[in-house]
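This is a short tour to follow in a viewer. Keep the selection tool at hand and take the stops in order.

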Amino acid sequence: MKRLIERSRSIGEVLRWVTQNPGKVSASHYPIALHKLGQLLQQQPGPPAGAGVGRGPAGQVLEQPEFHALCQAIVSGCAKFDNFSIVNCLYAAAALGLPGESPLVRVLEDESRSRLGRFNQKDVSMVFSSEANNKALEAIFSSQLFYENRQERFIRSMAEWLPRKAENLTPYTMALIAKYVARHRLREPRLLDTIANFLLKRGEQLDSKVIQKLVFPFSRMNYRPSNHGELFPKLEAILEQKAGSSPLATVNILMSMFQLSHFPQTVLHQVFSPAFITNVMSSPYALIVRRYLSLLDAAVELEFREYSGPRLDPRYRVLMFEHALTADEANRKYSYKGLVAEALRQLVGEECYRQDEVLPPGYCTDFLLWINRSGTVLPLSRVPAASKAPPATSPAAMSLRSSVLALTSDLQDFAPVVLSVNDKWHYCQNSDILVGSRAMRDRHLRLLGYCLVQLPYTELEKVSGIEEAKHYLRQKL
C-alpha cells in the first residue's frame, strides 16, 4: 500500500487507493497519503496548497467526498495511532495547508496534547527530518501543540536540526524561523548563530527587508552572534550599497546594531545626509523613519561620542515613543505595575511621583521620583523646575546634552530615580537577560543622569499583598 500511494500519479489515484481499501490501510499510511496529496498539488498550476482553502486545485481536492472520507478515517482512528503517526499526520496536514480550525487538525492536536508526556525526542524532531516547505513550517509554528512545547523538545530539536539543514533553506524560510525565535524571545545560541552564519554567507544576495528580519533576533535577544567580528562589517558594507533602496529596513537594521552597541560610522553618514532625509520625507512611512532616526541620533550623542559626521536636523526630531509600548499595554493585566503603583501611592503619596512619564528621546518610564541625599522622596512641588526633565512635547525635550546638564546640576541635593517594573515579557525566555530594546533604554536613562531601580518580576512574584509590597519598595528606595 505504501508503494502504491507513493507511485500514484494523480490526486484521484491516491484517494482511491486509501478510501477503497480500508482493510489494507494502517495508521502509517495516512500521513503518507496526505504528504503525497500535498506533493501532487504543488505540481498543479494555480495557488499552492499552503495558500489556503479556496477555489483552484487545492480547494477542489479538499471538497471531494473521497478526501472527506480520508479525513474522517483519520479522525475516527487517531486515538489508536502510534505517536509517530500522530505527529507525522499533523505535519502532513500542515504541509497540505489545512486550516487550524479544520476537524482533522483539531483532533490531531488534541490527541497530541494528551500524549505530550509520552512523546520522545524522535516523535517531535521528525518534523525537521527533511527540508520543511515554507507554508508547512508556518503552519507548524502556529500550531498550539508546538507553541506549548516549544521550550522543551521542539526548540532542542530545531537547534540540532537547523545547523545541518541551513544551506538548503530559502531566505524566506530562514526569515520565518528568525521571526518565530524573536517573537517568543528564544535565546538559543545554536539557532541564533546558525541564522548569523546564513546571513554572513548569503547577505550580499539578499534585499534589505530580508536582512532586517534575519538581524532582528540578535537585538531582540540582546545577543552578539559568535561571528559578529565578521558579520557586522559585512552588514555595514551591504548597507552602504543598499541604504537608499529601502530606508525603513535600513534604519531597522541600524537600530538592531545600536542595541548591540555597534555603531557603523559610514552608514550613519548616509542616513543623516540631506539626500537620505529628503527621500524619507517624501515617502509614506516618513513618520516612523523619523522616529527611528531620532532615537538613533540620541544614541549617537549618548554612546558614540567620537562620531563627527552629520546629525539629524533638529527640525525632524520627534519622540520615538509617545506612550507605553504596545506589548506593555496588551499585557497590563499580567503586570506587577498595578501592585507597585498602589504600594507606592500608600508609601510616598501621589504628589511624590509621576507614572508613565515619557522622557526624551521617547522612553516611557513606569515611575519617576526625586530623592534627596538623605534618601527622602520629595514632593514634585519641591523639585526646582530647572532640574525637571523638559516636557516631552517641547523642543527642548530633544536636546539631550542640555537635559543631562539640567538633571545633574544640583545632584548634590537630590536626584531623579526611575522605578522600572520588569515583567516577564521584558526578558528573554527563561532568562534574566533583558531584551535588547529594554537594555538600551536602561543604558540611555543612566547616561541621561537617572538612577535606575530595577523591580524584576522574579522578586515581585514573591511579594504577597500591599504591606509586603510597601516593605519591598522601602528597601529598594
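Start by selecting Asp423, in the loop between strand 3 and helix 22 (436-447). The model is predicted, and every value on this tour is computed from it.

**Stop 1: Asp423**

Is Asp423 buried or exposed? Asp423 is buried, yet has no salt bridge. To see what carries the opposite charge, select Arg438: this is the nearest such side chain, and it is 6.6 Å away. A salt bridge needs a nitrogen of Lys or Arg within 4 Å of a carboxyl oxygen, so Arg438, at 6.6 Å, does not form one with Asp423.

Now show what Asp423 touches. Leaving aside neighbours within four places in sequence, the contacts of Asp423 are Tyr334, Ser335, Tyr336 and Tyr457.

**Stop 2: the largest cavity**

Keep Asp423 and Ser335 selected, and add Asp328, Lys337 and Asp366. These five residues lie nearest the centre of the largest cavity, which has 10 lining residues. How much space lies in the largest cavity? The volume is about 90 Å³. The structure holds 5 cavities of 30 Å³ or more.

**Stop 3: strand 2 and its partners**

Next select residues 363-372, which make up strand 2. Of its 10 residues, 10 are buried, so strand 2 is largely enclosed by the rest of the structure.

Add strand 1 (residues 353-359), which runs antiparallel to strand 2 and is joined to it by 6 bridges. One pair to pick out is Val358 with its bridge partner in strand 2, Cys364. Then add strand 3 (residues 414-422), also antiparallel to strand 2 and joined to it by 6 bridges. Here Phe367 can be picked out together with Leu419, its bridge partner in strand 3.

**Stop 4: the turn between strand 1 and strand 2**

Strand 1 and strand 2 form a hairpin, with 3 residues between them. Select Gly362 in the turn, where phi is positive at about 125°. Then select Pro361, in the loop between the two strands. Which form does the peptide bond from Pro360 to Pro361 take? The bond is cis, with omega near 5°. For background, most peptide bonds are trans.

**Stop 5: two positive phi values outside glycine**

Most residues other than glycine have a negative phi. Two stops on this tour go the other way.

Asp356 is found in strand 1. Its phi is positive, at about 55°, although Asp356 is not a glycine. With 30% relative accessibility, Asp356 counts as partly exposed.

Now move to Asn430, in the loop between strand 3 and helix 22, the loop that also holds Asp423. Phi of Asn430 is near 50°, a positive value. At 64% relative accessibility, Asn430 counts as exposed.

**Stop 6: Val107**

Finish in helix 7 (residues 103-114), where Val107 is found. Val107 has 26% relative accessibility and therefore counts as partly exposed. Which residues does Val107 touch, leaving aside its neighbours within four places in sequence? They are Val75 and Cys78. Draw a distance from the C-alpha of Val107 to that of Cys78: the value is 8.1 Å, for residues 29 apart in sequence.

Methods
Residues numbered from 1 in each chain as written. Predicted model: local features only at pLDDT ≥ 70, side-chain atom pairs only at ≥ 80, totals over all residues. Heavy atoms only, no water. Buried < 20%, exposed > 50% of the residue type's maximum accessible area, 1.4 Å probe, protein only. Helix = DSSP H or I, 4+ residues; strand = E, 2+ residues; numbered from the N terminus. Pairing = 2+ DSSP bridges. Lys, Arg positive; Asp, Glu negative; His and termini not counted. Contact = heavy atoms within 4.5 Å. 1 Å grid on protein atoms, 1.4 Å probe; cavity = no way out; pocket = protein on both sides within 12 Å on 5 of 7 lines; lining within 4 Å. Points joined across faces, edges and corners; volume = space filled by probe spheres on them.
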